[in-house]
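Open the model in your viewer and keep the sequence panel beside it. We will go from stop to stop, selecting a few residues each time and looking at what surrounds them.

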Amino acid sequence: MTNLYAFKHLKFLGETMLQAFTEFMAPITMIWNHKLITIAGIKLSLGNVTMALILLLFATRLSRMLSRLIDKRLIQRFVQDKNSQVTYQTFAYYASLAGVVTLSLATAGIPLTVFTVFGGALAIGVGFGSQNIVNNFISGIILLIEQPIKVGDIVDLDNISGSVQSIGIRSSQVKNGDGKIFVVPNSFFLEKSVLNWTFENSVIKTQVNFGVAYGTDVKLVENICMDIMLNTDSVLQTPIPLVLFDNFGESTLDFQIHFWCDLAVANPGELRSHIRFKIDDKFKQHRIEMAFPQRDINLRLSKPLDVKVLS
């Protein structure tokens, strides 16, 4: 009898709590199901929109996780080229993002047909104010597919010179020698002239110019410079360095040293400076004068010039 009474009491208590919870949730449910907007006959409630926004907040993070997983399990296993791996991982990220966004909207109960209405508005927006965005987006796809520039390439564009750090869908990042990062729109690489020092390989030719005084033994100059070139680690020996007697200048015998270096190993500016230090040191040892400009002055006077000699 006691157990039956306790059971009835618990049942009554449960029904009471359920009724209280239902009454408490009623206004919340009403707000959650409140219709915000109707598009093309499809009613979107506050709950649908809120759920979609919550899911979309995690879309980019989830897409990056998926793209990294695809890169580790598939791309790195079947693609050997590092730059191609970056390209495929970028496409994997945006494909994952599109899939996650579609899944998020479907989970929230928002059909994709809703966006057919926005398609016309988007087209009008592109026509009036989004040409640059679309242009850079298409340019980014072309850069990733054709690869006229790749991550790690050394490029010169306008007043920017540095290495490519990343290539995105809309823009790319270039890091200069001072460590500054420049964000460059992708369309720039296709519409402007860009010098890619490492398009085929990272080996480039550079040179050092100098002049010595008239009367200097030019063969000695050549031998000293060649010895420096052949004994400097970062100077490539193939192709062989060249020492050229460039010209008879106004005040100097002009020379040029042409040599090759690998951008992946050495900085050309630092290497040229290192070679100039060596040249200056060797010339001092052999008493070779680095000439400076000289001028002869002729005075045309109407009368003799008075000269005083002080003892």
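Start by selecting Q173 and V183: Q173 stands opposite V183 in β6. Next add K175 and I181, since K175 likewise stands opposite I181 in β6. This is a predicted model, in which local features need pLDDT of at least 70 and side-chain atom pairs count only at pLDDT 80 or more, while totals for chains, interfaces and linings use all residues. Residues are numbered from 1 along each chain as its sequence is written, and side-chain values use heavy atoms, with hydrogens and water left out.

Now show β5 (171-176) and β6 (residues 181-185) whole: they run antiparallel and are joined by five bridges. The two strands form a hairpin with four residues between them, and G179 in the turn has a positive phi of about 85 degrees. Strands here are DSSP runs of E with at least two residues, and helices are runs of H or I with at least four, numbered from the N terminus.

Widen the selection to the open sheet of five strands, ordered β6-β5-β4-β3-β7 with antiparallel pairing. Which strands stand at the edges? They are β6 and β7 (195-196), each with a single partner strand, so one side of each is left without a neighbour in the sheet. Two strands count as paired if DSSP finds at least two bridges between them.

Go to the loop between β3 and β4 and pick D158. Its phi is near 50 degrees, a positive value in a residue other than glycine. D158 is exposed, with a relative accessible area of 64%; exposed means over 50%, buried under 20%, and partly exposed in between (1.4 Å probe, protein chains only).

For another positive phi, select R287 in the segment after α9. Phi of R287 is near 55 degrees, and at 79% relative accessibility R287 counts as exposed. Most residues other than glycine have a negative phi, and most peptide bonds are trans. To see a cis one, go to the peptide bond from T238 to P239, where omega is near 0 degrees. P239 is found in the loop between α8 (218-230) and β9 (242-248).

Now for Q256, in strand β10 (residues 253-262). Is Q256 buried or exposed? It counts as buried, at 16% relative accessibility. The side chain of Q256 makes a polar contact with the side chain of H258 (2.9 Å). Such a contact is a pair of N or O atoms within 3.5 Å; within protein, one must be able to donate a hydrogen and the other to accept it, and residues adjacent in sequence count only if both atoms are side-chain atoms.

Last, turn on a surface and look for the largest pocket, with a volume of about 330 Å³. Of the 17 residues that line it, the closest to its centre are I154, S161, L263, N267 and P268. A pocket is an open set of points on a 1 Å grid over the protein atoms alone, where a 1.4 Å probe fits, with protein on both sides within 12 Å along at least five of seven lines; lining residues have an atom within 4 Å of a point. Grid points are joined across faces, edges and corners, and a volume is the space filled by probe spheres set on the points.

The second largest pocket has a volume of about 250 Å³. Select α4 (82-107) here, as α4 gives the most to this lining, with five residues.
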